[in-house]
Amino acid sequence: EVFGSGGGAALSERTGIPLLEQIPLYPAVREGGDTGTPIVIGDPNSSAAKVLQDLACSVAGKISQLTVQE
């Protein structure tokens, strides 16, 4: 673990802001960014791609809640 572990969860708890996902640091994620082929396109069945897809759904859900409340 390059950056340690548990920091995001601790920050979430301290601030009351929900932790939506924890994205694993896989070389393929960086490589996809460098080449212009995101991991969700290049290897959509990888665990990193699934986490990013789940994150996108979580963010979309939070945005839709804000839109409905206004």
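Here is a short dialogue on reading a predicted model, one feature at a time.

Q: Let's start with the overall fold. How many helices and strands does the protein have?

A: When you meet a new structure, begin by listing its secondary structure. This predicted model has 4 helices and 0 strands. Going along the sequence, the pattern reads α-α-α-α.

Q: And is the protein spread out or compact?

A: For that, set the radius of gyration against the globule rule. Here the radius is 14 Å, while the rule gives 11 Å for 70 residues, so the protein is more spread out than a compact globule. You can also picture the box that the C-alpha atoms fill: roughly 40 × 30 × 20 Å along the principal axes.

Q: What about the surface and the inside?

A: Look at the area and at the share of buried residues. The accessible surface is about 5,400 Å², and 59% of that belongs to carbon and sulfur atoms. Buried residues account for 10% of the 70 residues.

Q: How many positive and negative side chains are there?

A: Count each set, then compare where their centres sit. This protein has 4 positive and 8 negative side chains, with the two centres 3 Å apart.

Q: How do I read contacts along the chain?

A: Ask how far apart in sequence the partners are. Taking contacts between residues at least 6 apart, 42% join residues at least 24 apart.

Q: Now a single residue. Why does alanine 48 count as buried?

A: Check its relative accessibility against the cut-off: buried means under 20%. Alanine 48 has 1%, so it counts as buried. You'll find alanine 48 in helix 4, and, leaving aside neighbours within four places in sequence, it is in contact with Pro24, Tyr26 and Val29.

Q: Let's follow one of those partners. Where is valine 29?

A: Valine 29 is in helix 2, which covers residues 27-35. Its relative accessibility is 26%, so it counts as partly exposed. Apart from residues up to four places away, valine 29 touches Pro24, Ile39 and Ala48.

Q: How does distance in sequence relate to distance in space?

A: Compare the two for a chosen pair. Valine 29 and glycine 42 are 13 residues apart in sequence, with their C-alpha atoms 9.4 Å apart. Alanine 48 and valine 59 are 11 residues apart in sequence, yet 17 Å separates them in space, C-alpha to C-alpha.

Q: Which residues does serine 12 touch?

A: Skip the residues up to four places away, and you're left with Ile17, Pro18 and Leu19. Serine 12 lies in helix 1, residues 7-15, and is buried because its relative accessible area is 16%. A polar atom of its side chain lies 2.5 Å from the backbone oxygen of isoleucine 17.

Q: Does another serine help me practise? Where is serine 46 found?

A: Serine 46 is in the loop between helix 3 (39-42) and helix 4. With 14% relative accessibility, serine 46 counts as buried. Its side chain reaches the backbone oxygen of aspartate 43 at 2.9 Å.

Q: One last serine: is serine 58 buried or partly exposed?

A: Partly exposed, because its relative accessibility is 24%. Serine 58 lies in helix 4, residues 47-69, and touches Leu20 and Glu21 once residues up to four places away are set aside. Serine 58 and glycine 6 are 52 residues apart in sequence and 20 Å apart in space, C-alpha to C-alpha.

Technical notes: Residues numbered from 1 in each chain as written. Predicted model: local features only at pLDDT ≥ 70, side-chain atom pairs only at ≥ 80, totals over all residues. Heavy atoms only, no water. Helix = DSSP H or I, 4+ residues; strand = E, 2+ residues; numbered from the N terminus. Buried < 20%, exposed > 50% of the residue type's maximum accessible area, 1.4 Å probe, protein only. Contact = heavy atoms within 4.5 Å. Polar contact = N/O pair within 3.5 Å; in protein donor to acceptor, adjacent residues only side chain to side chain. Rg over C-alpha atoms; globule rule 2.2 N^0.38 Å. Areas by Shrake-Rupley, 256 points an atom, 1.4 Å probe, with all protein chains shown as cover. Lys, Arg positive; Asp, Glu negative; His and termini not counted. Charge placed at Lys NZ, Arg CZ, Asp CG, Glu CD.
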